[in-house]
Structure formats: C-alpha cells, structure tokens
Amino acid sequence: GLDASDQADASLDELRLSSLPRLGNSQQVRLIISQRTDNTLAVTDWLGNLVSRLGGPGAALGQFSSPQGLEIRDNRIWVADPGNGRVQVLTFDGDRLTPLADWTDGLLRPVDISVAADGRLLIADQGDDQVKLVSSDGHLLRRWTGPTDGHPGPFRQPAGLVWLPNGDALVADAGNGRIVRIIGPLGPATTHFPLITISNHP
C-alpha cells in the first residue's frame, strides 16, 4: 500500500497526468521516463516500445546520478539530477534528447521541477528541504523553507510540485505526509518567514 508521503506525491502526479493531451494514434505519443536504476532517460511510445535513450552514470553533461522529476515545455525538458546536485536542460526533437546545459546555482539535491507560464521554475530540493524559484536561465531567485498557507512547520523532504491556475503552487511535503501551498510564488517578495529573497539575482 501507499503511505502518506506516497499518496501526497501520487496526488500531484495525477494532477499532472490529467492535464496532458492525448493523441488518438499511440505511435504519435512519446513518453519520457527517468530511470534511476540505470541513470538514464528513456523515450518510448505510448505502448512502451523504446524509441531512444540518453545517459548513463556520471557527472558529465548528458549523464545522470539518480534522475528524478521531469518538466516539459514545447521542445525543452528540465531533469532533476539529485545525485549531481543539478538540473539538466535538454532539447527534444520528438524522438531524441540532446543535452543543452546544466544548472547548479543554489541547488543541493533537487528532486522535482515545475515550470511556470513565464518560464521561471520551482524546484523541490531535498538537500536542504526547501522549495526554490529559479529564473529561466537557471539563477536562484527565492527559496521557501515552509508553506505560506498557514500550515505550521518547515518542509521535510519536499518531493513534488504542481502549479495551480491561480498562480499558487502545491507542494507534496513527503516527510510530513501532507500537501501544502505556496501562495503567489511569482509575485513580489513578502516578509512571511519561510521566504528568503536572493538579492544578487533580482
């Protein structure tokens, strides 16, 4: 069965899946799967047939150490690479993945990513139990040590993120077995205690 932390993360995964477009022809669909056991990303069709693969263990661009969360926008893909303390940025041509860059600014052990409409990204980082906002080119802008929706206490092993239509973000706070909210993370900085503003990247 699922414990509370599994259920919290699975709930956010279902929110993501429910918003994905479906195509009638399964051969036109591509799934990108992070595989921690062999440190690769697999591209498959809807039926699970392998189309291509990228990676292998290591710290070079295009290699991974326990890849986890993925985020996709058009032909751009961001991959949480927690064992290497970074996010990798890839391009996707519909069949194959190509490494483009890696981001390390302020990151320790990122495990999940969610991109906003304006291109900024939220990252769940279990290295310091924070949720971090980064710019579209990978610079750390802000970080939160806990929810801003009135729930008490700090994050513990934040594991999943999803944006809501109103601009708030839901966080699967796995270590605390709960789903909580960061209110308006793209808005102006506030004085609420969980928010830390990084002044060198306005």
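Me: How are the strands ordered in the open sheet of three strands, and what's the pairing?
Reply: The order is β12-β13-β14, with antiparallel pairing. Strands here are DSSP runs (E, at least two residues), numbered from the N terminus, and two of them pair if DSSP finds at least two bridges between them. This is a predicted model, where local features need pLDDT of at least 70, side-chain atom pairs count only at pLDDT 80 or more, and totals for chains, interfaces and linings use all residues. Residues are numbered from 1 along each chain as its sequence is written, and side-chain values use heavy atoms, with hydrogens and water left out.

Me: Which strands stand at the edges, then?
Reply: β12 (158-163) and β14 (178-182) do; each has a single partner strand, so one side of each is left without a neighbour in the sheet.

Me: How many bridges join β12 and β13?
Reply: Five, in the antiparallel sense, with β13 covering residues 169-173. Glycine 160 sits opposite alanine 172 of β13.

Me: New topic: which residues touch the most other members of the largest nonpolar core?
Reply: Leu122, Val131, Trp144, Phe155, Leu161, Val171 and Ile182, out of 15 residues. Such a core is a set of buried Ala, Val, Leu, Ile, Met, Phe, Trp, Tyr and Cys residues joined through side-chain atoms within 4.5 Å; buried means under 20% relative accessible area (1.4 Å probe, protein chains only).

Me: And which strands each supply at least two residues of this core?
Reply: β9 (121-125), β10 (130-134), β11 (140-144), β12, β13 and β14.

Me: How much of the whole protein is buried?
Reply: Of its 202 residues, 43% count as buried.

Definitions and conventions. Helices (H or I, at least four residues) and strands (E, at least two) are DSSP runs, numbered from the N terminus. Buried means under 20% relative accessible area, exposed over 50%, partly exposed in between (1.4 Å probe, protein chains only).
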